[in-house]
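Thanks for coming. I'll take a few minutes to walk through one structure, starting with a pocket and then moving to the sheets and the ligand.

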Amino acid sequence: MRYIDEFRESEYANGIIDKIHSISKKNVKLMEVCGTHTVAIFKSGIRELLPKTIKLISGPGCPVCVTPMADIDKAIVIARQKDVIFTTFGDMMRVPGSLGTLQKQKADEGLDIRIVYSPLDALKIARDNKDKKVAFFSAGFETTTPTIAATVFQAYMDSLKNFFILPVNKTVPPAIKALLDTPELGLNGFICPGHVSVLIGSNVYKFIAEKYKRPAVISGFEPVDILLSIYMLIKQIEEKDAKVEIEYKRAVTPEGNKKAMGIMRDVFEPCDADWRGIGVIPESGLKLAKKYKGFDAVEHFGINIPAVEDKTSCNCGDILRGLKEPPECKLFGKACTPENPVGPCMVSTEGSCAAYYRFAGKDN
Amino acid sequence: MDRILLAHGSGGKLSHELIEKYFLPYFRNPFLELLNDQAVFDIHSRVAFTTDSYVVDPVFFPGGNIGDLAINGTVNDLAMGGAKPLYLSAGFILEEGFPIKELEDILSSMKDAADSAGVIVVTGDTKVVNKGKADKIFINTSGIGVIEKPINISAHNLKVGDKIIISGPIGEHGIAVMAKREGLEFEKEIRSDTAPLNSLVSDMLSASCDIHALRDPTRGGLATILKEFAISSNVGIVIYEDKIPVKDEVRGACEILGLDPLFVANEGRLAASASPDAAEAILKAMRRNKYGKDAEIIGEVVSEHKGVVILKTLIGGKRIIDMLMGEQLPRIC
Ligand code: SF4
């Protein structure tokens with residue numbers, strides 16, 4: 001069976017690739033917003049199968065990559081507080097802030113920092129350790145945030161007094177808007193993230209087509225999904241059309257998952273947020289709503305850390321906006337490797353620099 | 001329930017009882033029976049010698065346990081040099097409180113594994129440590145084998161034009177262990193592929209001695225050993241995604257766990273690099289052996305891109321295959 005499926009898949013893919021070649025005339029820049037797409041594109045070698053007219057650019061869609069230094073510093077300072085167990089997703093351990101990384105602090109100072117796979121694990125640790133204060137590094141886009149919201153809600157219902165979060169969650173549509181407001185990027189169309197869109201739906205992207213007159217296609221993560229999405233974008237561009245289409249129909253609806261969004265909006269409310277390398281994007285972050293303020297680790301521990309300037313010559317900011325390709329960074333593959341990352345794009349497995357390094361090679 | 005006590009490792013009465021009552025019945029053979037501090041035997045041949053320690057967590061997993069893993073692993077390390085495995089040693093570090101019933105289950109599967117590989121355990125050792133100082137049970141096995149054929153099998157020996165062969169579907173051991181540890185259940189149970197590969201290697205060598213390199217893709221998976229091959233022999237390797245056998249359930253589990261089957265550990269598979277003229281005959285011989293029935297030629301050795309492994313993807317693109325990077329998944333062997 002497998003072989004038949006795979007044969008079909010490669011036949012089908014080749015058919016789409018041929019079609020893209022035959023209709024693509026204009027030089028265009030398409031951005032895949034999401035890190036999972038970046039990885040899939042590199043893993044399947046899509047870039048080199050496309051005509052020279054199409055340039056794929058990796059966007060800021062990896063929550064780890066866009067977490068600014070100051071937030072990492074806050075995490076470290078919270079982890080240093082007395083009787084604190086600090087919990088985090090694994091990738092965050094190695095992102096450098098100005099005080100170093102969580103991983104290094106754990107080793108050097110013996111801080112109790114634990115990797116969890118879900119915020120619910122952190123909640124469990126809090127329940128099991130009533131004499132400690134458990135803080136969770138709450139990072140993520142709309143895919144992870146509803147689960148975190150549900151966890152905070154649970155803690156609220158249980159009147160748990162020793163559970164806190166450090167919220168650095170961000171939302172995708174405002175980031176796309178900020179990219180569109182930067183004309184020098186010259187983006188002609190967007191491949192929008194499938195799993196985020198399962199939650200938020202496709203309607204929220206309407207502004208891309210209506211206000212900015214650019215096409216957007218919400219794509220699944222298989223190579224053929226991405227190829228088909230590219231085809232749909234090119235077709236729109238060549239036909240001078242601009243609308244939001246869903247390629248990932250098997251999972252995405254125009255409205256999204258209202259229940260999950262409902263709990264997210266109950267627990268969090270929008271705020272301005274600093275995106276690493278990009279700067280502050282209005283209304284692109286999430287903070288705890290008033291009712292849940294008691295769970296805010298920054299307030300509880302009275303942490304006050306101003307924004308810090310990144311003094312390394314990391315080019316993540318330019319890379320996240322598609323102004324540069326990873327090999328154009330002087331540090332790429334030399335001072336900065338996945339084993340020894342200088343910038344966050346090299347830390348996260350979904351970061352552009354890491355994907356480039358792993359799948360296209362450091363000398364490419 | 002009977003449990004291991006510190007006194008079982010004291011060298012006194014309880015130690016003797018443990019050996020006489022539990023270890024000897026499973027491993028009985030003329031060498032071990034003497035209960036000397038060493039086994040004495042003659043060997044008149046080129047000898048291969050290897051050692052490995054096993055600390056897998058969990059100790060029992062679908063398709064096997066730490067016991068058969070410890071026998072098969074060392075048998076395979078010998079076989080990968082083209083050696084015929086003969087004698088093994090087994091050293092046990094037991095945590096105080098470990099259930100004796102579980103120890104017996106482990107010993108029994110060690111016996112079965114040794115029997116099917118045709119090796120005997122000729123010397124051994126047992127230590128018991130305080131609770132918390134080890135995790136249940138650790139096993140070290142060493143092994144000696146003889147090399148009878150005029151062969152030169154080494155990761156440094158790949159030749160341009162060689163075909164790369166894999167003996168069966170990849171990723172089953174790593175996924176079986178991880179699924180058990182994470183408490184994940186899949187529709188179809190994924191079982192470890194742990195198996196002794198010496199009979200397979202012997203069949204391959206009977207078909208042709210033109211095998212240039214052999215290795216079992218354990219930690220780091222197929223990707224890592226191919227990269228080692230490419231670097232050690234200073235050649236390029238191209239493999240084809242559509243040729244690499246991966247069971248659907250493993251592929252599905254990998255997607256859920258965010259893993260790439262190319263990097264997941266195997267304990268009963270081997271990858272070979274063989275000269276192009278011999279490759280078909282070797283493949284045929286492999287497919288006749290139960291441990292190689294799903295063998296496939298998955299790629300070839302090229303003179304370009306030295307030291308680099310390239311995968312041709314399903315849709316016709318290509319990508320680089322590097323070694324496993326970052327955090328090693330905890331203790332899978
Ligand atoms: S290669 Fe490293 S330093 Fe350069 S942009 Fe990427 S992450 Fe930053």
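Let me begin with the second largest pocket, where α1 (13–27), α2 (30–33), β4 and β5 of chain B each supply at least two residues of the lining. Please keep in mind that this is a predicted model. Which element gives the largest share of that lining? It is α1(B), with 8 residues. The lining as a whole has 26 residues, and those nearest the pocket centre are B:Ile19, B:Leu35, B:Gly124, B:Asp125 and B:Thr126. Sorted by class, 13 lining residues are nonpolar, 10 are polar and 3 are charged. The volume of this pocket comes to about 570 Å³.

Two of the contributors to that lining, β4 and β5 of chain B, also pair with each other. Strand β4(B), residues 84–95, runs parallel to β5(B), and 9 bridges join them. One bridge pairs B:Gly91 with B:Asp125 in β5(B). B:Asp125 was also on the list of residues nearest the pocket centre.

Now the sheet those strands belong to. In chain B, 4 strands make an open sheet with mixed pairing, in the order β1-β6-β4-β5. The edges are β1 (46–54) and β5 (120–129) of chain B; each has a single partner strand, so one side of each is left without a neighbour in the sheet. On average, neighbouring strands here are turned by 10° against each other, direction ignored.

Chain A has an open sheet of 4 strands too, ordered β4-β3-β5-β6, and its pairing is parallel. Its edge strands, β4 (113–115) and β6 (163–167) of chain A, each pair on one side only. Neighbouring strands in this sheet are turned by 25° against each other on average, again ignoring direction. Strand β5(A), residues 133–138, pairs with β6(A) over 5 bridges in the parallel sense. Within β6(A), A:Ile165 is the residue opposite A:Phe136.

Last, the ligand. Where does the ligand sit? It occupies the largest cavity. The ligand is surrounded by 13 residues, of which A:Cys314, A:Asn315, A:Cys329, A:Cys336 and A:Cys353 are the closest. Both α13 (316–320) and α14 (344–347) of chain A supply at least two residues of this shell. How many charged residues does the shell have? There are no charged residues in the shell, which has 11 nonpolar and 2 polar ones.

That is the tour; I'll stop there.

Methods: Residues are numbered from 1 along each chain as its sequence is written. Chains are lettered from A and ligands numbered from 1 in the order in which they are written. This is a predicted model: local features need pLDDT of at least 70, side-chain atom pairs count only at pLDDT 80 or more; totals for chains, interfaces and linings use all residues. Side-chain values use heavy atoms; hydrogens and water are left out. Two strands pair if DSSP finds at least two bridges between them. Axes are lines fitted to C-alpha atoms, for helices over the stretch in contact, and angles run from 0 to 180 degrees between N-to-C directions. On a 1 Å grid over the protein atoms alone, a cavity is a set of points where a 1.4 Å probe fits but cannot get out, and a pocket is an open set with protein on both sides within 12 Å along at least five of seven lines; lining residues have an atom within 4 Å of a point. Grid points are joined across faces, edges and corners, and a volume is the space filled by probe spheres set on the points. Ala, Val, Leu, Ile, Met, Phe, Trp, Tyr, Cys and Pro count as nonpolar, Asp, Glu, Lys and Arg as charged, and the others, Gly among them, as polar. A residue is near a molecule or strand if one of its heavy atoms lies within 4 Å of it. A molecule sits in a cavity or pocket if more than half of its atoms lie within 2 Å of its grid points.
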